[in-house]
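Please open the model in your viewer and keep the selection tool handy. We will go from stop to stop, and at each one you will find what to select and what is there.

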Amino acid sequence: MTEQETRILLSELAASLFARGFSVGSAGNISVRLPDGYLMTPTNSSLGRLDPERLSKLDSDFRHVDGDKPSKEVFMHRAFYRARDDAGAVVHLHSTQATAVSCLPDVELANPIPPLTPYFVMRVGRHMPIIPYYRPGDPAMEPAIHQAAKDARAVLLANHGPVVSGKTLTDAVYAAEEVEEAAKLFLLLRGQSPRLLDDAQVTDLLATFS
Ligand SMILES: [Zn+2]
């Protein structure tokens, strides 16, 4: 895929997320790895109205080289790319149900959303840990995400929202959508002792689809 095709795809996927309520206002940001750096949604931009020509271009050291100024949350994306060679794109949302789970005091921090369906396991993996709360923009958030991302394709920022990586732009967006659906199921089933996928079933899914 050429850089131009990637710019158009990023803008189309972002508009689709916005249209379906995964993001409101100027919340959320998306980045994708290129052969010579990264594309990133600009600061204060709405995912609903991105201009493919004005996306922020960063070099391989995350220095801004072209387009509008990048999102202030660029360091969340950098944490994933530096921790995971398999991260080709990163999506950060404040999607409602996943953010709701990130605010619950009694969930397991290492794995707040249990394996309810195969799709979460296939798209996100065995677990999605919660990162403790940091003020937006706090530089201490980056090493915390970096550490967790070594072992997880996605993390949930406490009282904030999910950061999700994928091999490709489309994979990362689908995984971010699956995180929101899994959070919705988890909240629907709270207090009802649902039947979970067992360890062998999760291992089988990961061996088959990873
Ligand atoms: Zn955010």
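One definition before we set off: a residue is called buried when its relative accessible area is under 20%, exposed when that area is over 50%, and partly exposed in between. Bear in mind, too, that this is a predicted model.

**Stop 1: Arg-20 and Glu-177**

Select Arg-20, in the loop between H1 and strand E1 (29-34). Its relative accessible area is 43%, so Arg-20 is partly exposed. Now add Glu-177, which sits in helix H6, 157 residues apart from Arg-20. The two form a salt bridge whose closest N and O atoms are 2.8 Å apart. Glu-177 has a relative accessibility of 16% and therefore counts as buried.

**Stop 2: Glu-3 and Lys-57**

Next, show the side chains of Glu-3 and Lys-57, which meet in a salt bridge with an N to O distance of 3.0 Å. Glu-3 belongs to helix H1 (residues 3-19) and Lys-57 to strand E3 (residues 56-58), so this pair links parts of the chain 54 residues apart. Which of the two is buried, Glu-3 or Lys-57? Lys-57 is the buried one, at 11% relative accessibility, while Glu-3 is partly exposed at 27%. Add Arg-7 and Asp-36 to the selection: salt bridges with shared partners join Glu-3, Arg-7, Asp-36 and Lys-57 into one network. The count of salt bridges comes to 13.

**Stop 3: Asp-171 and Arg-123**

Move on to Asp-171 in helix H6 and Arg-123 in helix H4, 48 residues apart in sequence. Their side chains make a salt bridge, at 3.8 Å from N to O. Asp-171 is partly exposed, with 28% relative accessibility, and Arg-123 is partly exposed as well, at 33%.

**Stop 4: the largest pocket**

Keep those two residues selected, as Arg-123 and Asp-171 are both part of the lining of the largest pocket. To see further parts of the wall, add others from the lining, including Asp-86, Tyr-119, Met-122, Arg-153, Lys-167 and Phe-209. The space inside comes to about 280 Å³. Two or more lining residues come from each of helix H4 (118-124), strand E8 (161-166) and helix H6 (169-189). H4 gives the largest share, three residues. Colour the lining by class and you will find four nonpolar, three polar and five charged residues.

**Stop 5: the second largest pocket**

Now select Ser-26, Asn-29, Ser-71, Lys-72 and Glu-73, which lie nearest the centre of the second largest pocket among its 15 lining residues. Its volume is about 240 Å³. How many of the lining residues are polar? The lining has 10 polar residues, with three nonpolar and two charged.

**Stop 6: the zinc ion**

Stay with Glu-73 and bring up the zinc ion, for which Glu-73 is a donor through OE. The other protein donors are His-92, His-94 and His-160, each through NE2, and the donors lie 2.0 to 2.3 Å from the zinc ion. Along the sequence the donor residues follow the spacing E-x18-H-x1-H-x65-H. Glu-73 is in the loop between strand E4 (64-66) and helix H2 (74-83), and His-92 is 19 residues apart from it in strand E5 (residues 89-92). Both are buried: Glu-73 has a relative accessible area of 13%, and His-92 is at 0%.

Finally, check the angles at the zinc ion. Why is the arrangement of the four donor atoms irregular? Tetrahedral would require all angles to lie between 85 and 135 degrees. Here the donor atoms subtend angles of 93 to 149°, and so the arrangement is irregular.

Definitions and conventions. Residues are numbered from 1 along each chain as its sequence is written. This is a predicted model: local features need pLDDT of at least 70, side-chain atom pairs count only at pLDDT 80 or more; totals for chains, interfaces and linings use all residues. Side-chain values use heavy atoms; hydrogens and water are left out. Donors are N, O and S atoms within 2.8 Å of the metal (3.2 Å for Na, K and Ca); water is not among the atoms, so sites may look incomplete. Four donors count as tetrahedral if all angles lie between 85 and 135 degrees; four count as square planar and six as octahedral if opposite donors are over 155 degrees apart and all others between 65 and 115; anything else is irregular. Helices (H or I, at least four residues) and strands (E, at least two) are DSSP runs, numbered from the N terminus. Buried means under 20% relative accessible area, exposed over 50%, partly exposed in between (1.4 Å probe, protein chains only). On a 1 Å grid over the protein atoms alone, a cavity is a set of points where a 1.4 Å probe fits but cannot get out, and a pocket is an open set with protein on both sides within 12 Å along at least five of seven lines; lining residues have an atom within 4 Å of a point. Grid points are joined across faces, edges and corners, and a volume is the space filled by probe spheres set on the points. Ala, Val, Leu, Ile, Met, Phe, Trp, Tyr, Cys and Pro count as nonpolar, Asp, Glu, Lys and Arg as charged, and the others, Gly among them, as polar. A salt bridge is a side-chain nitrogen of Lys or Arg within 4 Å of a carboxyl oxygen of Asp or Glu.
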